[in-house]
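The following account leads the reader through one chain, from a pair of strands to the arrangement of the whole. Please keep the sequence and the model in view while reading.

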Amino acid sequence: MSDDLKPCPFCGWDAPYVRTTGLETEVYCQSCTAVGPLVHSVGPDEDVDEVAIELWNRRALEARIKHLERERDEVWNAAVEAAAAAVRQALVDAAHSHRGQEGKLTSAFFKAEDYASNAILALRKGADHD
Ligand SMILES: [Zn+2]
């Protein structure tokens, strides 16, 4: 075996193993019972254990990438929400400190709100294309 088995992508168990049942070989996680992908046959120059490990590791890697992407999106969204909340609070504070002059402030307030909303949309678009 040339490749080390990566930990289980579902439960993180670090000691899954290769098992063969009849004509099928797969990697098995004894912690959460995750299996596969199942290997039925391999080419003449391939080792069935190595193929099973390669497939398992690839899936583990893909699952890890998806997990990290989800985490990144959560962090990004939280940052955008926090920035939006800060901008809105600053606008509300400004309006309060100019009480009595709301007539003058209203259009500036909504203009600033528009700018903030557009900036947030632009940030979200940027995040989607990364
Ligand atoms: Zn597992």
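Tyr17 stands opposite Tyr28, a residue of strand β2. In the same pairing, Val18 faces Val27 of β2. These positions belong to a predicted model, in which strand β1 (residues 17–21) and strand β2 (residues 24–28) run antiparallel to one another and are joined over five bridges. Two residues lie between the strands of this hairpin, and Gly22 adopts a positive phi near 60° there.

Is β1 covered or in the open? None of its five residues is buried, so the strand lies largely in the open. Thr20 illustrates the point: this residue lies in strand β1, and it counts as exposed because its C-beta neighbours inside 10 Å number 12, where 12 or fewer is the limit for that class. The C-alpha atom of Thr20 is nevertheless separated by 10 Å from that of Ala52, although the two residues are 32 positions apart along the chain.

Val27 leads from the hairpin to the interior. Sequence neighbours up to four places away being left aside, Val27 touches Leu5, Pro16, Tyr17, Val18, Ala52, Ile53 and Trp56. Its partners thus include Val18, which stands opposite Val27 in the strand pairing. Three of the residues that Val27 touches, namely Ala52, Ile53 and Trp56, join Val27 and Val39 in the largest nonpolar core, which has five residues in all. Helix α1 supplies the largest share of this core, three residues.

Ile53 may serve as an example from that core. The residue is located in helix α1, and it is buried because 23 other C-beta atoms lie within 10 Å, the threshold for burial being 20 or more. Thr20, with 12 such neighbours, counts as exposed. Over the chain as a whole, 9% of the 130 residues count as buried.

The loop between β2 and α1 deserves separate attention. Thr33 is found in this loop and has a positive phi of about 65° although it is not a glycine. With 10 C-beta neighbours inside 10 Å, Thr33 counts as exposed. Further along, the peptide bond from Gly36 to Pro37 is cis, with an omega near -5°, and Pro37 likewise has its place in the loop between β2 and α1. Pro44 is also part of that loop. What is the exposure class of Pro44? Pro44 counts as exposed, since 4 C-beta neighbours lie inside 10 Å.

The overall arrangement can now be described. The chain contains two helices and two strands, and from the N terminus on they follow the order β-β-α-α. The radius of gyration is 27 Å, well over the 14 Å that the globule rule gives for 130 residues, so the chain is more spread out than a compact globule. Along the principal axes, the C-alpha atoms fill a box of roughly 85 × 30 × 20 Å. Of the contacts with a separation of 6 or more, 44% join residues 24 or more positions apart.

How is the chain divided into domains? The assignment gives domain 1 (2–67) and domain 2 (71–128). The centres of domain 1 and domain 2, taken over C-alpha atoms, are separated by 48 Å. Distances between individual residues add to this description. The C-alpha atoms of Ile53 and Ala112, 59 residues apart along the chain, are separated by 56 Å. For Pro44 and Leu121, 77 residues apart along the chain, the separation of the C-alpha atoms is 54 Å.

A final consideration is the confidence of the prediction. The chain averages a pLDDT of 83, and 91% of the residues score at least 70. Among the elements, β2 has the highest mean pLDDT, 94, whereas helix α2 (residues 102–128) has the lowest, 72. Where pLDDT is low, the predicted coordinates should not be read in detail.

Terms used: Residues numbered from 1 in each chain as written. Predicted model: local features only at pLDDT ≥ 70, side-chain atom pairs only at ≥ 80, totals over all residues. Helix = DSSP H or I, 4+ residues; strand = E, 2+ residues; numbered from the N terminus. Pairing = 2+ DSSP bridges. Domains from an automatic or database assignment. pLDDT = per-residue confidence, 0-100. Core = buried A, V, L, I, M, F, W, Y, C linked by C-beta atoms within 7 Å. Contact = placed C-beta atoms within 7 Å. Rg over C-alpha atoms; globule rule 2.2 N^0.38 Å.
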